[in-house]
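This report describes one protein chain for a reader who has not seen it before. Please look over the sequence and the structure shown here before reading on.

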Amino acid sequence: QKVKRGRKLKVAVTLTNTGDVALSKLRLRTSVTKKLAKNPKPVALGPVAVGQSIRKVITVQVRKTARPGGKLSVTVSAFNGSFKLASAVRRATIKK
C-alpha cells in the first residue's frame with residue numbers, strides 16, 4: 001500500500017476473543033516509524049465477551065517531511081491490563 005506525505009493512513013483492526021474468559025481492560029497501542037509518522041494515542045475498548053469481535057479503525061498521520069520511498073511500519077498491539085494479547089504489523093510506502 002502507498003500513502004502520500006502529509007496524509008492519513010487508516011488501519012482497520014479486528015479483535016476476536018477466542019479465550020474462555022471475558023476481557024475487561026482491553027487497549028490497543030500503536031507504534032509507527034517515528035521519522036515518517038506521528039504515533040497515535042492508545043485506544044481503550046469496552047469489555048469483550050467470549051467469542052465476540054470488535055472492529056476499530058486507527059488513523060495514522062504521515063509527516064509532511066516523510067521521505068518519499070520510505071517504508072512506514074505500523075504495529076498494533078492488544079493489551080488486557082498489562083498483559084500483551086496479540087500484535088500485527090502493516091507496512092506502507094511513502095509517495096510524493
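What follows goes from the whole chain to its core, its largest pocket and four single residues.

**The chain as a whole**

The model is a predicted one. The chain contains seven strands and zero helices, and its elements, read from the N terminus on, follow the order β-β-β-β-β-β-β. Along the principal axes, the C-alpha atoms occupy a box of roughly 45 × 20 × 15 Å. The chain has 96 residues, and buried ones make up 33% of them. Its accessible surface is about 6,200 Å²; carbon and sulfur atoms hold 51% of that surface. Among contacts with a separation of 6 or more, 67% join residues 24 or more positions apart.

**The nonpolar core**

The largest nonpolar core consists of 25 residues. Leu9, Leu28, Leu72, Val74 and Ile94 have the most contacts inside this core. Two or more core residues come from each of strand 2, strand 3 (26-32), strand 5 (53-61), strand 6 and strand 7.

Ile94 can be followed further. Setting aside residues up to four places away in sequence, Ile94 touches Val3, Arg5, Leu36, Val62, Ala66, Arg67, Pro68, Gly69, Gly70 and Leu72. Leu72 is thus both a partner of Ile94 and one of the core residues with the most contacts.

**The largest pocket**

The largest pocket holds about 180 Å³ of space. It is lined by 15 residues, and those closest to its centre are Val13, Val76, Ser87, Ala88 and Val89. Strand 2 (8-16), strand 6 (71-80) and strand 7 (83-95) each contribute at least two lining residues. Sorted by class, the lining comprises 11 nonpolar, three polar and one charged residues.

**Four residues in detail**

The table pairs each of four residues with another residue and gives the distance between their C-alpha atoms.

| Residue | Paired residue | Residues apart along the chain | C-alpha separation |
|---|---|---|---|
| Val62 | Arg5 | 57 residues | 5.8 Å |
| Asn17 | Ser53 | 36 residues | 6.4 Å |
| Arg27 | Ala44 | 17 residues | 4.5 Å |
| Val74 | Asn39 | 35 residues | 9.1 Å |

Val62 sits in the loop between strand 5 and strand 6. Its relative accessible area is 1%, so Val62 is buried. Apart from neighbours within four places in sequence, Val62 contacts Val3, Lys4, Arg5, Gly6, Arg7, Leu36, Ala37, Leu72 and Ile94. Arg5, its paired residue in the table, is therefore also one of its contacts, as contact means heavy atoms within 4.5 Å.

Asn17 is in the loop between strand 2 and strand 3. Is this residue buried or exposed? Asn17 counts as buried because its relative accessibility is 6%, and the cut-off for buried is under 20%. Beyond its neighbours within four places in sequence, Asn17 is in contact with Ala22, Leu23, Val48, Ala49, Val50, Gly51 and Gln52.

Arg27 belongs to strand 3. With a relative accessible area of 26%, Arg27 is partly exposed; this class lies between the 20% limit for buried and the 50% limit for exposed. Not counting residues up to four places away in sequence, Arg27 touches Val43, Ala44, Ser77, Ala78, Phe79 and Gly81.

Val74 is part of strand 6. This residue is buried, since its relative accessible area is 1%. Which residues does Val74 contact, leaving aside its neighbours within four places in sequence? They are Leu9, Val11, Thr30, Ser31, Val32, Val60, Ala88, Val89 and Arg90. Among these partners, Leu9 is listed with Val74 for the most contacts inside the largest nonpolar core, while Ala88 and Val89 are among the residues closest to the centre of the largest pocket.

Methods. Residues numbered from 1 in each chain as written. Predicted model: local features only at pLDDT ≥ 70, side-chain atom pairs only at ≥ 80, totals over all residues. Heavy atoms only, no water. 1 Å grid on protein atoms, 1.4 Å probe; cavity = no way out; pocket = protein on both sides within 12 Å on 5 of 7 lines; lining within 4 Å. Points joined across faces, edges and corners; volume = space filled by probe spheres on them. Helix = DSSP H or I, 4+ residues; strand = E, 2+ residues; numbered from the N terminus. Nonpolar A, V, L, I, M, F, W, Y, C, P; charged D, E, K, R; others polar. Buried < 20%, exposed > 50% of the residue type's maximum accessible area, 1.4 Å probe, protein only. Areas by Shrake-Rupley, 256 points an atom, 1.4 Å probe, with all protein chains shown as cover. Core = buried A, V, L, I, M, F, W, Y, C linked by side-chain atoms within 4.5 Å.
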